[in-house]
Amino acid sequence: ETAQQQPYYSSQNTYPPRYYQRIAINRTIDAIAKGQDRLLLVMATGTGKTYTAFQIVYRLLQSGMKRKILYLADRNILVDQSIQQDFAPLEKVIHKINVGKDDPSTSTAHQVYFSLYQQLVGDEGEEHFRKLFQPDFFDLIIVDECHRGSAKKDSNWRKILEYFSSATQIGMTATPKETKDISSSEYFGDPIYTYSLKQGIDDGFLAPYTVLRIGINVDLEGWRPEKGKRDKNGNIVEDRIYNTKDFDRNLVLDDRTPIVARRIVEFLKQNDPMAKTIVFCIDQEHASRMRDELWKAAPTEWHEKSDEYIMRITSDDKEGRLKLDDFKNPEKPYPVIAVTSKLLSTGADTKTCKLIVLESNIGSMTEFKQIIGRGTRVYEEYDKLYFTIMDFRNVTNLFSDPAFDGEAIRIKEVKPN
């Protein structure tokens with residue numbers, strides 16, 4: 001029986017694939033059956049890429065068309081989330097690669113292998129994948145979020161993909177945009193299927209959004225220090241025009257962060273003080289100041305409700321990192337506000353996030369789409385039907401891509417006060 005004739009996996013705990021997932025699954029299996037060995041699927045964040053990958057793997061295994069499968073991701077949270085959730089029905093045949101512990105002679109008995117590509121390559125470029133597996137061991141490799149550096153010729157991904165070049169390789173990404181440095185389609189070919197954020201919003205599967213662009217007076221004309229101005233360490237501030245690109249990286253204007261913090265608190269007070277919110281900052285130090293200012297701006301009842309109302313969740317913050325699961329869990333009200341720099345920008349499944357605050361200089365369309373993807377899930381039982389982007393850095397203007405992202409329900413420009 002061919003893979004095309006295999007039924008989808010179904011059980012009481014899984015929903016049958018949505019129409020666009022069926023198209024993606026069927027096109028992929030058809031292409032593989034016809035001998036295509038490099039494939040690209042583009043699906044907006046929140047449209048169930050991992051679930052789609054699971055159905056593809058399930059049907060290929062059932063039909064015997066593929067026997068040894070490697071699923072590569074670049075964040076541990078993505079690997080664990082996939083194993084525990086979408087791939088759970090295959091748990092008996094799944095193995096999470098552990099370079100330190102796996103013995104090449106015994107660890108080849110599984111069918112579906114999950115790994116971080118960083119781990120397979122090793123810190124010093126040890127190329128563990130060579131020691132663990134023969135080049136023809138895998139007959140299918142799935143590369144999750146393949147836009148992040150995978151396409152660069154000298155990247156870690158490429159080493160792995162080239163070593164296992166006899167395998168069929170599927171790239172999955174939420175961001176179709178190409179840049180001069182990275183092109184996933186150059187390696188994987190043009191997408192065999194694209195399901196955009198715009199289409200997802202039109203179909204009712206993804207949440208539409210409103211944009212509030214908020215100007216702050218120091219941003220507009222740039223800022224030039226008065227003659228002889230010293231910084232808080234007593235050094236003379238270099239005389240030049242500073243603009244938004246400089247704020248919080250080279251220049252911290254003491255009054256900027258409190259203004260932003262007050263605006264966020266005001267917005268939540270007026271709309272929904274318990275709305276899960278992610279604030280994206282420039283770096284971890286900026287996130288730390290932002291958290292302190294939000295706490296100062298917060299009304300007393302927030303303080304009284306929970307010490308964890310506002311938390312910095314960054315990779316260097318142990319206490320905050322432990323709260324990431326609570327933040328993602330719709331049933332846990334706290335933390336309400338997560339202040340982060342990069343940690344939450346991709347893959348963290350924040351189903352009930354209703355407010356995304358951009359207070360960092362986002363450098364690329366890819367990064368922008370990933371960040372916006374944190375808000376696109378619809379979750380009716382928690383009244384999550386749309387989300388708001390508060391943009392303090394004019395990012396929404398820079399990376400507007402209506403063909404893929406659709407148009408905001410409304411864009412409101414808020415003038416500096």
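How many cavities of 30 Å³ or more does the structure hold? The structure holds 1 such cavity, and since you are looking at a predicted model, every stop on this tour describes what has been computed from that model.

**First stop: the cavity**

Select Ala44, Thr45, Ala174, Leu197, Lys369, Ile372, Gly373, Thr376, Phe404 and Asp405, which together line the largest cavity, a space with a volume of about 80 Å³. The elements that give two or more residues to this lining are α15, which runs over 365-372, and α17, which runs over 402-405. If you colour the lining by class, you will find 5 nonpolar, 3 polar and 2 charged residues. As a general point, rolling a probe the size of a water molecule over the atoms shows where empty space is left.

**Second stop: Lys49**

Now select Lys49, whose place is in helix α2. Is Lys49 buried or exposed? With a relative accessibility of 9%, Lys49 counts as buried, because the cut-off for that word is under 20% relative accessible area. Show the residues around Lys49, leaving out those up to four places away in sequence, and you will see that Lys49 touches Met43, Asp144, Glu145, Met172, Thr173 and Ala174; Ala174 is also one of the residues lining the largest cavity.

**Third stop: the nonpolar cores**

In soluble globular proteins, nonpolar side chains tend to be buried together. Here the largest nonpolar core has 54 residues, and within it Leu70, Leu72, Ile141, Phe164 and Leu358 touch the most other members. Centre the view on Leu72, set aside its neighbours within four places in sequence, and look for its contacts, which are Ser115, Tyr117, Leu120, Ile141, Ile142, Val143, Asp144, Trp157 and Ile160. Apart from this core lies another one, of 37 residues, and to find it you can select some of its members, including Ala24, Ile29, Phe54 and Ile192.

**Fourth stop: helix α3**

Move next to helix α3, residues 76-84, and pick out its buried residues, which are Leu78, Val79, Gln81 and Ser82. What covers these buried residues includes the helices α2 (49-63) and α14, together with the strands β2 (69-73), β3 (94-96) and β4 (112-116).

**Fifth stop: the salt bridges**

The count for the structure comes to 18 salt bridges, and a few of them are worth selecting one by one. In helix α14, residues 324-328, Asp325 and Lys328 are 3 residues apart and so are separated by about one helical turn, and their side chains meet in a salt bridge at 3.8 Å, N to O. Asp325 counts as exposed, at 51% relative accessibility, whereas Lys328 counts as buried, at 13%.

Which residues are linked with Lys323 in a network of salt bridges? Select Glu308, Asp326 and Lys332 along with Lys323, and you will have the linked residues on screen. Within this network, Lys323 forms a salt bridge with Asp326, the closest N and O atoms being 3.7 Å apart, and both Lys323 and Asp326 are buried.

Finish at helix α10, residues 256-271, where Lys269 and Glu266 stand 3 residues apart and are therefore separated by about one helical turn. These two residues form a salt bridge, with the closest N and O atoms 3.4 Å apart. Lys269 is partly exposed, with a relative accessible area of 39%, and Glu266 is partly exposed too, with a relative accessible area of 38%.

Note on methods
Residues are numbered from 1 along each chain as its sequence is written. This is a predicted model: local features need pLDDT of at least 70, side-chain atom pairs count only at pLDDT 80 or more; totals for chains, interfaces and linings use all residues. Side-chain values use heavy atoms; hydrogens and water are left out. A salt bridge is a side-chain nitrogen of Lys or Arg within 4 Å of a carboxyl oxygen of Asp or Glu. Helices (H or I, at least four residues) and strands (E, at least two) are DSSP runs, numbered from the N terminus. Buried means under 20% relative accessible area, exposed over 50%, partly exposed in between (1.4 Å probe, protein chains only). A nonpolar core is a set of buried Ala, Val, Leu, Ile, Met, Phe, Trp, Tyr and Cys residues joined through side-chain atoms within 4.5 Å. Contact means heavy atoms within 4.5 Å. On a 1 Å grid over the protein atoms alone, a cavity is a set of points where a 1.4 Å probe fits but cannot get out, and a pocket is an open set with protein on both sides within 12 Å along at least five of seven lines; lining residues have an atom within 4 Å of a point. Grid points are joined across faces, edges and corners, and a volume is the space filled by probe spheres set on the points. Ala, Val, Leu, Ile, Met, Phe, Trp, Tyr, Cys and Pro count as nonpolar, Asp, Glu, Lys and Arg as charged, and the others, Gly among them, as polar.
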